Amino acid sequence: MFARAMASPHHPILAQIIPIRRCNLSCTYCNEYDRHSAPVPAEEMLRRIDKLGALGTSIITFSGGEPTLHPDLDLLIQRVRERGAIATLITNGYFLVPERIKRLNRAGLDYLQISIDNVQPDDVSKKSLKVLDRKLEWLAQYAEFDVTINSVLGSAIAQPEDAYTIAARARELGFNSTVGILHDGEGQLAALNRRQRSAYDRILGLGTGLFSFAHLDAFQQNTIRGLPNPWHCPAGGRFLYICEEGLVHYCSQQRGTPGIPLAQYTPDDLRREGAKTKGCAPFCTISCVHQTAMLDEFRTRPRETLSGIVARRKQRDPEWQTPSSIKLLEAMFLRDSRMRDFFGAIALRLFGIRQGAKR
Ligand code: SF4
Ligand code: SF4
C-alpha cells in the first residue's frame, strides 16, 4: 500500500464503493443504509471497478449497507484483483460462515474489517461480541486474508469498557485491532469523556506494530480530546466514495459533493477536487481518509513522518528500541537521495508499479 501510494501523487489511493445500500441491521447512529435497496447490477459494478482501475486506484473497499448481501460480491472482488488493486471489505460479519469465508479466500480478498460496537446487543447496535464471537473463531480458522476488528467509542456506545474487551478478544484470536471514534451525522467530532478516554488508552496499551495506524494516528489523539486537526483532506482526489448510483462523493458523510458520475471522472477532477479545502476537515473523524492523508504525508515528508512515528512509540514505551528494520528503511529511503532512488525503483518494480505514473 505504501509503495503504491508513493508511485504517483495523483491517482486515488483508496476508493470506497457501495455495491448495495441495504443492510440487515439498523444501528441507530448510522446514516449509511436503508432497508429496501436492490443490489447494483453486477455488470454495472464491474464497469465501475474497471473505471477505478483506469484511474490508477490502489485499494478498492466494498462497503455499504452490508456488502455481503450482494449476490455477486465474489466476482467483484476477483475483478478488483484482476485490475491490480488491493481488495478489501467492511462488513458487519453476520453472514460469515465457514463456506462464505472460503469463498472470499478463493475470490482473492486481501483484507476484511468488522466493526463491533458492544459486548451485549442493545437498542443502539446488534454488532455485538456475543453474537459475532463464533464468526470471529471461524475467521481465525479459515480466513487467508488479513482481519481487523474495529471497536468504537462515542456517545452512542453505553459501555466504553466494551471496546477494550473487544480489542483484547481480537488480539487473542490473532487479529489486528483498531478503535474508531463515532462521528455525528456529518462526520464531525464529539469529544470523548474521561471514561471513554481511559478505555482508549487501555486499548493502545495492548500494543500494536509500529506502523499500525493506532500509533501513526496523531489525528486520533486530537480527536479524542475534541481538538481540531490541522490537515488537508484529500477527498475527491486521493480518496473517493462511490455511491450505489455511481456518483463520486468526498466521503460517506459528505454525499452530494462533488456528485460527478464516476464514468465521467477525469484526472483533472482528481487534481481539482483533491486540492480543494474542505470546511469540515478540522473536526472530521473519518479515519480512512485520515489514513490516506498520512500516506501522502509520508510521500512528501518521509523523514519527518518516520521520526514522528518513532518518537510517539518511544513516548508510549521509553524502553522501546528502534528495530533494525526501521533503521534499514531509513537508510534505504531517507538518508541519501541516490540510495532512495535506487531502492525506490526496485520496490516499485517488485510491486509491479509503473514508476512516475501520471494518470
Ligand atoms: S451494520 Fe453498518 S451499515 Fe448496517 S446499520 Fe449498522 S453501521 Fe450501518
Ligand atoms: S474532511 Fe474530508 S473526509 Fe472528513 S467529512 Fe469532510 S470531506 Fe469527509
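1. A quick term before we start: two residues are in contact if their C-beta atoms, placed from the backbone, lie within 7 Å. With that in hand, look at Pro258: setting aside neighbours within four places in sequence, its contacts are Gly236, Val248 and Glu273. Keep in mind throughout that this is a predicted model.

2. Let's stay with Pro258 for a moment. You'll find this residue in strand β9, which covers residues 258-261. Is Pro258 buried or partly exposed? It counts as partly exposed, because there are 16 C-beta neighbours inside 10 Å, and a residue needs 20 or more to be called buried. Try finding Ala235 too: Pro258 and Ala235 are 23 residues apart along the chain, and their C-alpha atoms are separated by 10.0 Å.

3. Now hop over to Ala199, which sits in helix α7 (residues 194-205). Ala199 has 22 other C-beta atoms within 10 Å, so this residue is buried. Which residues does Ala199 touch, leaving aside its neighbours within four places in sequence? The contacts are Leu153, Pro160, Glu161, Ala163 and Tyr164. Take Ala163 as one of these: in sequence Ala163 and Ala199 are 36 residues apart, yet C-alpha to C-alpha they are 6.9 Å apart in space.

4. Strand β1 (residues 14-17) is a nice one to rotate on your screen. Leu14 and Gln16 point one way, Ala15 and Ile17 point the other way, and all of them are buried. That fits a general pattern: in a regular strand the side chains alternate between the two faces of the sheet.

5. Who are the partners of β1? Strand β2 (residues 59-62) runs parallel to β1, and four bridges join them. If you want a spot to check, Ile17 has Phe62 as its bridge partner in β2. Strand β7 (residues 239-242) also pairs with β1 in the parallel sense, over four bridges, and here Gln16 stands opposite Tyr241.

6. Don't skip the helix that goes with this. Together, β1, helix α2 (residues 42-54) and β2 make a β-α-β unit, and that unit is right-handed.

7. Last stop, the ligand. Which residues surround ligand 1? Going along the chain, they are Cys23, Leu25, Ser26, Cys27, Cys30, Glu32, Tyr33, Gly64, Gly65, Glu66, Asn92 and Lys127. Sorted by class, this shell has five nonpolar, four polar and three charged residues. If you try the sorting yourself, note that Cys and Tyr count as nonpolar and Gly counts as polar.

Notes:
Residues are numbered from 1 along each chain as its sequence is written. Chains are lettered from A and ligands numbered from 1 in the order in which they are written. This is a predicted model: local features need pLDDT of at least 70, side-chain atom pairs count only at pLDDT 80 or more; totals for chains, interfaces and linings use all residues. A residue is near a molecule or strand if its C-beta atom, placed from the backbone, lies within 6 Å of it. Helices (H or I, at least four residues) and strands (E, at least two) are DSSP runs, numbered from the N terminus. A residue is buried if 20 or more other C-beta atoms lie within 10 Å of its own, exposed if 12 or fewer, and partly exposed in between; C-beta atoms are placed from the backbone. Two strands pair if DSSP finds at least two bridges between them. A crossover is right-handed if, with the strands pointing away from the viewer, the path from the first strand over the helix to the second runs clockwise.
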